Amino acid sequence: MLNFEDTEIAFTNVSNAKLRKSYYIFQFFQFNSLVNLGGRLAQWGLKWHLPVGLFAKPTIFGQFVGGVTLRETENTVNRLGKSGVFGILDYAIEGKTTERAFDDTLAHKLEMLRYVKNNPNVKMISAKVTGLGKFSLLERVHRGDVLLQSEQKEYERLKDRLHKLCAAAEDASTGILFDAEETWIQDPLDSLIEEMMAHYNKEKAIVYNTYQLYATSRLGKLKEDYEKAQKQGYVLGAKLVRGAYMEKERERAAELGYPSPIHVDKDAVDKDFNAGLDYCLDRFGKGIAFCAATHNEDSCKYLAEQIVARGLPKNDKYMFFAQLYGMGEHITFNLAKEGYTSAKLIPFGPVKEVIPYLVRRAQENSSVEGQTSRELSILTKEMKRRRLL
Ligand SMILES: Cc1cc2nc3c(=O)[nH]c(=O)nc-3n(C[C@H](O)[C@H](O)[C@H](O)COP(=O)(O)OP(=O)(O)OC[C@H]3O[C@@H](n4cnc5c(N)ncnc54)[C@H](O)[C@@H]3O)c2cc1C
C-alpha cells in the first residue's frame, strides 16, 4: 500500500544531525521577508565577490545540492540508489552570457553523460537551453526579430551544442530532460527541443521537453506535440510540471499590459496537471514517455493509482516520478518502496555558481502556499518518531 505518511522510509539513511538541519532550514523558510532579504543579500554578496559560500555550504547548499563536483555527488547518488531511487543529474549553473561559459557548461554536461554511462544509479541528466545559449538571443527569436548575421551564427552554435549533448545522451543510452523556462523565450525552446526529438527520439525517448501546466496554453501544446510526433514518426518525451515562475510571469504581463499566460487560480492548474497525466496515460506504449515532476501528493497518488488500475507496469523507465533533491522525501522514497520508477533531480556545482538556484529554491519554498508546511510536518513527524523533538 502506498503511504506517503511513512517517514521512516522517507528518511532512511538520513542521520539525526542532517534531519535536524533540514528541520531548521524549513523553519526558516516560514519567514518570507527574511528569505527575500537573504536572497537579495546573497545576490549582492556575489556581485561584490564576498564569500557567500561560507554561509551557504554548511546550510542550504547541503539541503538542496548533491555536491560541488561530480565525484562528491556520487555519494549522494549511491545513497539514493540503495533505496531504489535513481538520480537525474543537473550541473546547476545559471545566468551565463558568454560563448566561453556556454562551451564550458557543455563540457560539464558531456562529462556527466560519460559518468552516467557507467553508473546504474543515474539514468538521466537535466539541462537548460539557456545554459547553452544567450537568454537575450532567445528572447529576440521568440519575438520574431530579424537576427543580425552574428546572431544567426550564435543561434547555430547553440543548436550545435544541443546536437552534441543529445548525441552524447543517445550514445550513453540515457535521457535528457530540458527545462521549461520563462514564457517569453518558450517558442524557440520548443522548436529547438522538437528538432532534437525528431532527430534522436526515432526509436525511444532520449530527449524530453517540459510542459508547465500553470500556463493556459500548455495542455493544448502537449496534445499538439504528440500528434506531430505521431505524424513524423518519433517518440514524444514529456516532463509535466506546474511551473516555477508564476509571480514573475504575472508581474511582467501586468507591467507590459498583455493578458497573463498563467491560469487564474491553483484549481485550474491542478485540473490541467491531472488532465496532462491522463493524456499521457491514455497513450502510454503508443509513442509517448513521460515524467510527473511534482511534490504534490494528490497528483502523485493519482498517477500511482492509475498505473495500477490500468494494469500498466509500475517500474517502466519511460513513465516515472521525480522530485527535487532535498524535498518531497516522503513521496520519492515511498513510491520507490512500492516499486514505482522514482527519481531525484540532483543539482551539483561550485557553491558560488549554484547560489542563484538556491535562492530560487528558498524563495519558492517560502512563497508557494503549503509547500514549506508540508515539508515541515513530515520532518516534525520523523523528528518525533526518533524522539528528537
Ligand atoms: C523534478 C522537477 C523538475 C522541475 N522542472 C521544472 C522546469 O523545468 N520548469 C519549471 O518551471 N518548473 C520546474 N519545476 C518546478 C515546478 O514547476 C513547481 O514550481 C514545483 O514543483 C511546485 O509545484 P508542485 O506541483 O510540486 O506542487 P504544488 O504545491 O501542488 O503546486 C505549486 C505550484 O502551483 C502553481 N500555483 C500555486 N498557486 C497558484 C495560483 N494561485 N494560481 C496559479 N498557479 C498557482 C505554481 O506553479 C506553483 O509553483 C520542477 C519540479 C520538479 C520536482
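Domain bounds here come from an automatic or database domain assignment. On that basis, the predicted model splits into domain 1, made of residues 1-65 + 355-389, and domain 2, made of residues 66-348. Measuring from centre to centre over C-alpha atoms, 23 Å lies between domain 1 and domain 2. Where they touch, domain 1 puts in 20 residues and domain 2 puts in 26. On the domain 1 side, at least two residues apiece come from α1 (7-10), α4 (52-64), α15 (351-367) and α16 (371-385). Of these, α15 gives the largest share, with four residues. Sorted by class, this side of domain 1 holds 10 nonpolar, seven polar and three charged residues.

Next, the overall build. The protein's secondary structure adds up to 16 helices and eight strands. Its C-alpha trace stretches over about 65 × 55 × 45 Å along the principal axes. How does the radius of gyration fit with a compact globule? A compact globule of 389 residues would come out near 21 Å, and the protein has 20 Å, so the two agree. As for burial, 43% of the 389 residues count as buried. Contacts also reach across the sequence: taking pairs at least 6 apart, 77% of the contacts join residues at least 24 apart.

Then there is the inside. The largest nonpolar core contains 109 residues, and Ile-176, Val-207 and Leu-240 have the most contacts within it. Both domains take part, as domain 1 and domain 2 each contribute at least three residues to this core. Val-207 makes a handy example to look up in the structure. Leaving aside residues up to four places away in sequence, Val-207 touches Cys-166, Ile-176, Phe-178, Ile-193, Met-196, Met-197, Tyr-200, Asn-201 and Gly-237. One of these partners, Ile-176, is also among the core residues with the most contacts.

Finally, the ligand. Which residues sit closest to the ligand? Out of 27 residues around it, the closest are Asp-179, Val-241, Ala-244, Ala-293 and Asn-296. Several named elements help build this shell: β4 (207-212), α12 (266-282) and β7 (319-324) supply at least two residues each. The largest share belongs to β7, with three residues. By class, the shell has 13 nonpolar, 10 polar and four charged residues. Like the core, the shell around the ligand draws on both domains, with at least three residues from domain 1 and at least three from domain 2.

How values were computed:
Residues numbered from 1 in each chain as written. Predicted model: local features only at pLDDT ≥ 70, side-chain atom pairs only at ≥ 80, totals over all residues. Contact = placed C-beta atoms within 7 Å. Nonpolar A, V, L, I, M, F, W, Y, C, P; charged D, E, K, R; others polar. Near = placed C-beta within 6 Å. Core = buried A, V, L, I, M, F, W, Y, C linked by C-beta atoms within 7 Å. Buried ≥ 20, exposed ≤ 12 C-beta atoms within 10 Å, placed from the backbone. Rg over C-alpha atoms; globule rule 2.2 N^0.38 Å.
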